[in-house]
4 protein chains.
Amino acid sequence: MKRTALLVFVSTVTIAVSAQQMKPESTEWYYPQPPKIVPAANIGQPPSDAIVLFDGKDLSKWVSADGSAAKWAVVDGGMTVTQGAGDIYTKEYFGDCQLHIEFKSPTPAKGGGQGRGNSGVFLQSIYEVQVLDGDNNPTYVNGMVGSIYKQRAPLADAYTKAGQWQVYDIFWKAPVFGTDGKLESPAIITVMLNGVLIQNNYVLKGTTEYIGFPKYNAHGRLPLMLQNHGDAVAYRNIWIRNL
Amino acid sequence: MKRTALLVFVSTVTIAVSAQQMKPESTEWYYPQPPKIVPAANIGQPPSDAIVLFDGKDLSKWVSADGSAAKWAVVDGGMTVTQGAGDIYTKEYFGDCQLHIEFKSPTPAKGGGQGRGNSGVFLQSIYEVQVLDGDNNPTYVNGMVGSIYKQRAPLADAYTKAGQWQVYDIFWKAPVFGTDGKLESPAIITVMLNGVLIQNNYVLKGTTEYIGFPKYNAHGRLPLMLQNHGDAVAYRNIWIRNL
Amino acid sequence: MKRTALLVFVSTVTIAVSAQQMKPESTEWYYPQPPKIVPAANIGQPPSDAIVLFDGKDLSKWVSADGSAAKWAVVDGGMTVTQGAGDIYTKEYFGDCQLHIEFKSPTPAKGGGQGRGNSGVFLQSIYEVQVLDGDNNPTYVNGMVGSIYKQRAPLADAYTKAGQWQVYDIFWKAPVFGTDGKLESPAIITVMLNGVLIQNNYVLKGTTEYIGFPKYNAHGRLPLMLQNHGDAVAYRNIWIRNL
Amino acid sequence: MKRTALLVFVSTVTIAVSAQQMKPESTEWYYPQPPKIVPAANIGQPPSDAIVLFDGKDLSKWVSADGSAAKWAVVDGGMTVTQGAGDIYTKEYFGDCQLHIEFKSPTPAKGGGQGRGNSGVFLQSIYEVQVLDGDNNPTYVNGMVGSIYKQRAPLADAYTKAGQWQVYDIFWKAPVFGTDGKLESPAIITVMLNGVLIQNNYVLKGTTEYIGFPKYNAHGRLPLMLQNHGDAVAYRNIWIRNL
């Protein structure tokens, strides 16, 4: 009895205090101030805080897997996969980021399925957003252009056609690992292809595996990697913002 | 009994699918096929599956709060907040969506803080992405342009200046409520302003409240609403994709 | 058997990948940039981002409980508790903050225990850091100068004597409440008195209560309050930084 | 049986102490008495219970890593990093503490990023608060002055410039390990730089690592260490209070 009475009393006070003390100012915050960033005059071009990874001229921001100079060809303002030149990695390491990158499938189109215009944008070197010629080119849906390779098909197929530049806008949250190497929060990705939302905050199951299940192995910041799958895919206008 | 048997079965299967038995095909899926969408030639323009809510000519997709015709002015290809004309709502109701909308603060700039170029994009009529003239116009950070009003400051301040069109790209997951009206999953939002990521999958605490805490009340699909806060803010190029 | 073998295999891979991929860059972050703040030439004076609440001249930043002008006396650069003038509140509302405030007990000292030089610094109007003449003035330890009143005695007694200015540096984390009014994280305080740490990240049990237990009632930002306990305590050099 | 009886008893007591039975005295405690400490006349100078580790004259409280006499230079009241003289350690071992320490970056400034005015204050020899010339000297934010090196950027950038003394006030809670060596509570730090709060009760992930993740290895009290990174950083007015 006593206890019930007490609880009712406290509850009444709670409501009374809460209602009379709330004012508009109670939910207004002045700190911290977000950083001022100057967007590009044309959306898709790098804003003021972006790190430009390729500006159409040289591969100075990139290296091969063994640390030697990147050997892809720079042609017509695009950097292009070259036979025998391997994958290329940014010199700089990244974690959470906003990435803008454009790619073009080779023409005339050759091969089919995974054999036509295959390459890949590997966030932190080990999580792939698939690059493929997606124009009338059937393949498994979690391997089509815009898929998180072997994990997640895109929400929509917004590819146009070979020879036209395709635009990826990617928001990436890196996985977080505890000091014991255990996963604390998984990688998460949002992707637009040509302005169409195709992955909306997809929670990755782990690294990209060709055979077997994705898994998580502890790591820190890592380079962005672009895959050499033997097809002459070109990339341009690559910039990244640390988040 | 049956239940125990099932659990044993599942457990056995899991163990059996070990690495040495996996083939590439084990993780390739062919169904369902994502819908084919034709992106716009210029990113920012509506792709093929978008519902155009304003094309620069008329307010036929919009109504006032009482259901009567929307009374904002259409000037120079923009629809503009008009004194006494109230907020406007889409006739169509929306849930999960990709929304593109552009706005312009009035010139010459008048007033300061919340009194300069104030309006708002209300997803489902009750969750606001703040619209404000953000050019050298200090206010509380969770009330600045790009904020989820009174909940979340933007990650960056990517506004340019009054008289220039500002571009919002918004990805919205509507909250989900159970049949008993209880919240099952909250609203989630991602926002780009002028191509810069400013909200990354922010989980909303509830509806937008001027005084007091956000809260969730069960609801279904609702109109998109644009706020009349008395300032002559203009909107254009509004399109939405159901997700 | 198989299962055990598989787990061992995965574990080995994990270690191998982790070791070979870590470089110094893997743990270096460039964003976000902390704001640049210009400290005062003399520590204790307001840094560049501080809001000065009293500069020795007037009470323009303060009001009485009923919203009328604050009626404490301004004498010799200090604002002083005045009989019948009640508690005073800042016009502005605060949450997380760094607060610098100096106080002086009246001379000659009169009364004893809680009756000598009693006042209080109330964070968010309802959480008190006790102000008292602490020079040879025995009282209960959780009510002495530097205590979180009726909750926590100070770690040390670093008060000097009446007539000398005493310096509080306070770091405050406001309690956070969910949309249902439930406590999500409690208030936390760190206090230095005259440069000596006397409260180190103390987790408050709730509001300051003269009779009964502390409790938490949902609220948002609230004014800083200074208590009128009838003794002519003076305050000066009051500034606050939003965190 | 016994256990049940006890629970009932406790429960009854709780209920009995209801509001109407509480008196002011019910929440007043007289023991233990905090120790009386005489603060310095000028805040920043050592209070009465501080251990002075450097008073501007000699290095008698310090040794090299091999236990030999510390070989840094004493110049103009500061002890200065000397080429080839290695890191220096206090002879005394410390756990929880309040540490005051001032440092000065060499002039004229040479080098950039981590190469300009680099040194470090290592709590318990293995947890670093970064020392760096922070005047227009971009580097990774979790390696800038005031960072918990490679773990946590400071809340604000309150450094002034080379040639001026910078003031750290640090509150340290040592990690606690169980008898089995397992971490029971992590290290926690609060830091002010020049009177501005820059770390507020940050919970450390572990030791400072240049490559790889922080980790915790069981240890007890350990010396304070100052790093020799090859730059002629000077220190002065170093005092510490055991907490």
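**Entry 1: words before looking**

I note first that helices (H or I, at least four residues) and strands (E, at least two) are DSSP runs, numbered from the N terminus. I also remind myself that this is a predicted model.

**Entry 2: two cis prolines**

With those labels in hand, I looked up D:Pro32 and found its place in the loop between α1 (2-16) and β1 (51-54) of chain D. The peptide bond that leads from D:Tyr31 to D:Pro32 is cis, and its omega is near -5°. I then turned to chain B. There B:Pro32 has its place in the loop between α1 (2-16) and β1 (51-54), and the bond from B:Tyr31 to B:Pro32 is cis with omega near -5°.

**Entry 3: chain A as a whole**

I wanted a feel for one full chain, and I picked chain A. My count there gave one helix and 15 strands. Is chain A a compact globule or more spread out than one? Its radius of gyration is 23 Å, well over the 18 Å that the globule rule gives for 243 residues, so chain A is more spread out than a compact globule. Along the principal axes, its C-alpha atoms fill a box of roughly 85 × 40 × 40 Å.

I checked burial next: 58% of the 243 residues of chain A count as buried. The accessible surface of the chain is about 9,800 Å², and carbon and sulfur atoms hold 56% of that. I also looked at contacts in chain A with a separation of 6 or more; residues 24 or more positions apart account for 64% of them.

**Entry 4: how the copies are related**

A note to keep in mind: two copies of a chain are related by a rotation about an axis and a shift along it. I laid chain A on chain B, which took a rotation of 180° with 0.0 Å of shift along the axis and left an RMSD of 0.1 Å. That is the relation of a two-fold axis. Which residue of chain A comes closest to the rotation axis? It is A:Asn201, with its C-alpha at 3.4 Å. The same surface serves both copies, as 100% of the contact residues of chain A recur in chain B.

I repeated this for chains C and D. A turn of 180° and a shift of 0.0 Å along the axis lay chain C on chain D, with an RMSD of 0.1 Å. In chain C, the C-alpha nearest the axis belongs to C:Asn201, which is 3.4 Å from it. Here, too, the same surface serves both copies: 100% of the contact residues of chain C recur in chain D.

**Entry 5: aromatic rings**

I searched the whole structure and got 29 aromatic pairs over all chains. One of them I opened up right away. Why does the pair of C:Tyr140 and C:Tyr149 count as tilted? The ring centres are 6.2 Å apart and the planes meet at 50°; only planes under 30 degrees apart count as stacked and those over 60 as edge-to-face, so what lies between is tilted. Both C:Tyr140 and C:Tyr149 are buried.

My next stop was D:Tyr127 with D:Trp172, a tilted pair with 5.3 Å from centre to centre and 45° between the planes. D:Tyr127 sits in strand β8 (residues 127-131) and D:Trp172 in strand β9 (residues 166-173) of chain D, so the pair ties together parts that are 45 residues apart in sequence. I found both D:Tyr127 and D:Trp172 buried.

In chain A, I saw one aromatic cluster formed by A:Tyr127, A:Trp172, A:Phe177 and A:Tyr216. I also followed a charge between chains: A:Arg221 lies over the face of C:Trp29, 4.1 Å from the ring centre.

**Entry 6: loop residues**

I looked up C:Asn136 for its backbone: phi is near 50°, a positive value in a residue other than glycine. C:Asn136 is in the loop between β8 (127-131) and β9 (166-173) of chain C and counts as exposed, at 67% relative accessibility.

D:Asp76 also caught my eye, with a positive phi of about 50° although it is not a glycine. D:Asp76 lies in the loop between β3 (73-75) and β4 of chain D. Is D:Asp76 buried or exposed? It is exposed, with a relative accessible area of 77%.

Last came D:Gly86, in the loop between β4 (78-80) and β5 (88-94) of chain D. With a relative accessible area of 30%, D:Gly86 is partly exposed. Leaving out residues up to four places away in sequence, I found that D:Gly86 touches D:Trp72 and D:Asn228.

Note on methods
Residues numbered from 1 in each chain as written. Chains lettered and ligands numbered in written order. Predicted model: local features only at pLDDT ≥ 70, side-chain atom pairs only at ≥ 80, totals over all residues. Heavy atoms only, no water. Phe/Tyr/Trp six-rings, centres within 6.5 Å; stacked < 30°, edge-to-face > 60°. Buried < 20%, exposed > 50% of the residue type's maximum accessible area, 1.4 Å probe, protein only. Lys NZ or Arg CZ within 6 Å of the ring centre and 35° of its normal. Rg over C-alpha atoms; globule rule 2.2 N^0.38 Å. Contact = heavy atoms within 4.5 Å. Areas by Shrake-Rupley, 256 points an atom, 1.4 Å probe, with all protein chains shown as cover. Least-squares fit on C-alpha atoms with pLDDT ≥ 70 in both.
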